[in-house]
Amino acid sequence: MKKLISVIIACLMAFSLLACDSASANNGTKAEGKVKVGFIFLHDENSTYDLNFINGAKDACSKLGVEYVLKTNIPEGQECYEAACELADAGCDIVFADSFGHEDYLIEAAKEYKDVQFCHATGTKAHTENLPNYHNAFASIYEGRYLAGVAAGLKLNEMIANGEITEDQAKIGYVGAYTYAEVISGYTSFFLGARSICPSATMEVTFTGSWYDETAEKEGATKLINNGCVLISQHADSMGAPTACENAGVPNISYNGSTESVAPNTFIVSSRINWAPYFEEIIKDVQEGKAIPVDYTGTMETGSVVLTEVGKLAPAAGTQAEIDKVKAELQAGTRKVFDTTTFTVGGQAVTSYMADVDSDAAYEGDHEVIVNGAFAESADGFRSAPYFDLRIDGITLLDEQY
């Protein structure tokens with residue numbers, strides 16, 4: 001009898017523990033380290049853009065001790081949906097994709113796998129889709145690009161002072177991928193940073209029609225150099241433009257990480273988004289049963305917007321000190337990147353602008369974004385992905401078919 005009673009008590013205790021585990025699961029919490037994350041990347045480590053994401057993913061998952069799966073070279077097509085489904089079927093609690101064109105396919109998967117959280121960088125639709133398991137993320141990288149532009153302006157001034165160019169020859173070249181708002185926001189913030197230091201600066205922008213095409217990017221940079229551009233920057237993902245600059249002896253400011261290894265004589269600095277803080281946040285949210293932000297915008301304060309160390313040979317004297325000074329002003333709010341007193345459009349000041357924040361097919365403006373004398377980019381209450389698409393004076397666009 002005593003043995004039977006002992007068995008019954010043991011069974012009741014086991015049932016009690018099972019009930020506690022079930023209650024914990026129903027509260028949406030997960031034991032530390034039990035989250036599994038799947039990542040979808042447009043290219044692989046050869047792309048500076050994707051490598052930046054890959055490094056952030058590995059850093060965050062290693063720090064938190066969670067299992068992860070990487071899928072590289074996934075096109076912006078049905079392959080993304082299939083990859084997302086494979087990751088969900090493999091037990092991933094979070095699926096992340098890194099390219100703009102992945103969005104519709106990730107949304108399709110989110111509608112099917114409602115118990116999996118789907119997160120997407122550079123996307124625009126989370127705030128209008130209203131899916132509880134679909135989220136967008138970006139960062140205020142326009143501030144990082146502005147700081148990189150400050151470094152460019154200092155270099156231009158040095159070249160003018162040394163008699164290498166005249167003030168009216170301070171022309172910047174910029175290699176962009178597409179004429180998307182993300183690219184426009186990037187080259188405009190970079191230009192405004194440069195012109196805050198070198199007022200005579202102008203810019204030409206060429207587009208490649210691809211996020212990653214080393215040949216096209218190299219040819220684009222070479223074309224700009226032949227057009228008289230004396231400093232080159234980029235929003236494209238290969239070493240094409242930095243290599244062209246090194247070959248021509250033209251100063252270069254890159255994106256997504258240092259290119260000093262291929263351009264030791266011409267590399268000045270690079271801005272990039274550090275994705276590790278975002279990855280850590282969404283993993284912890286899932287572990288703790290918290291809601292992931294619909295639209296997350298990383299900042300300098302969160303460690304999401306960073307610059308590399310300045311180059312050893314190309315930067316102008318005092319570059320790091322000036323970057324630090326301007327960064328402090330941006331963080332204090334005493335300087336704003338898109339201050340409307342610093343640019344014009346068609347010779348006119350911009351006092352009001354309705355931006356296409358909700359991304360309808362007709363690209364119609366739906367939100368007033370001039371707030372307190374500045375264009376409010378990637379702001380709370382709007383969306384994380386850029387929507388700055390003004391064509392400001394001083395910048396000439398080439399190859400606009402992209």
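**Notes on the predicted model: sheet, core and helix packing**

1. A good place to start is strand 6 (residues 171-176), where six of the six residues are buried, so the strand is largely enclosed by the rest of the structure. Please keep in mind throughout that this is a predicted model. Strand 6 is covered on both faces: Lys171, Gly173 and Val175 lie buried on one side, and Ile172, Tyr174 and Gly176 lie buried on the other. If that pattern looks familiar, recall that side chains in a regular strand alternate between the two faces of the sheet.

2. What does strand 6 pair with? Its partner is strand 7, which runs parallel to strand 6 and is joined to it by six bridges. Within this pairing, Ile172 stands opposite Met203 of strand 7.

3. Met203 deserves a point of its own. This residue belongs to strand 7 (residues 202-207). Is Met203 buried or exposed? With a relative accessible area of 1%, Met203 is buried, as the cut-off for that label is under 20%. Apart from neighbours within four places in sequence, Met203 is in contact with Ile172, Tyr174, Tyr187, Phe190, Phe191, Gly394, Ile395 and Thr396. For a sense of scale, Met203 and Tyr68 are 135 residues apart in sequence, and their C-alpha atoms are 42 Å apart in space.

4. Met203 also leads us to the largest nonpolar core, which has 90 residues. Those that touch the most other members are Leu156, Tyr187, Phe190, Met203, Tyr278, Phe279 and Phe375. Which helix gives the most to this core? That is helix 6 (residues 141-161), with 11 residues. There is also a second, separate core of 22 residues, and Ala84, Cys85, Leu87 and Ile107 are among them. As background, nonpolar side chains tend to be buried together in soluble globular proteins.

5. Phe375, one of those well-connected core members, is worth a click in your viewer. Leaving out neighbours within four places in sequence, Phe375 has contacts with Phe338, Thr340, Tyr353, Ala355, Val369, Ile370, Tyr387, Phe388 and Leu390.

6. Next, the open sheet. Six strands make it up, in the order 2-1-3-4-5-11, with parallel pairing. Which strands sit at the edges? They are strand 2 (67-71) and strand 11 (295-298), each of which pairs on one side only. On average, neighbouring strands of this sheet are turned by 20° against each other, ignoring direction.

7. Strand 5 (residues 134-139) is a helpful strand to follow through that sheet. It pairs in the parallel sense with strand 11 over four bridges, and four bridges also join strand 5 to strand 4 (residues 117-121), again running parallel. Toward strand 11, Phe138 stands opposite Thr297, while Ala137 has Tyr296 as its bridge partner. Toward strand 4, Cys119 has His135 as its bridge partner.

8. How many residues of strand 5 are buried? Six of the six are, so strand 5 is largely enclosed by the rest of the structure. Tyr134, Asn136 and Phe138 point one way from the strand, and His135, Ala137 and Ala139 point the other way.

9. Now for Ser99, in the loop between strand 3 (94-97) and helix 4 (103-112). Although it sits in a loop, Ser99 is buried, with a relative accessible area of 2%. Beyond its neighbours within four places in sequence, Ser99 is in contact with Leu42, Tyr49, Glu76, His120, Ala121, Thr122 and Trp211.

10. Helix 6 comes back here through its packing with helix 11 (residues 319-332): the angle is about 145°, and the axes are 10 Å apart. The crossing of helix 6 and helix 11 is right-handed. Helix 6 makes the contact with Glu143, Tyr146, Leu147, Val150, Ala151 and Leu154, and helix 11 with Thr319, Glu322, Ile323, Val326, Lys327 and Leu330.

11. Finally, helix 8 (residues 214-226) packs against helix 9 (residues 240-248) at an angle of about 40°, with the axes 7 Å apart. That angle makes helix 8 oblique to helix 9. The crossing of helix 8 and helix 9 is right-handed. On the helix 8 side, the residues involved are Glu214, Glu217, Lys218, Ala221, Thr222 and Ile225; they meet Gly240, Ala241, Thr243, Ala244, Cys245, Asn247 and Ala248 of helix 9.

Key:
Residues numbered from 1 in each chain as written. Predicted model: local features only at pLDDT ≥ 70, side-chain atom pairs only at ≥ 80, totals over all residues. Heavy atoms only, no water. Core = buried A, V, L, I, M, F, W, Y, C linked by side-chain atoms within 4.5 Å. Buried < 20%, exposed > 50% of the residue type's maximum accessible area, 1.4 Å probe, protein only. Helix = DSSP H or I, 4+ residues; strand = E, 2+ residues; numbered from the N terminus. Contact = heavy atoms within 4.5 Å. Pairing = 2+ DSSP bridges. Axes fitted to C-alpha atoms, helices over the stretch in contact; angles between N-to-C directions. Parallel < 35°, antiparallel > 145°, perpendicular 65-115°, else oblique. Left-handed = near helix turned anticlockwise from the far one by under 90°.
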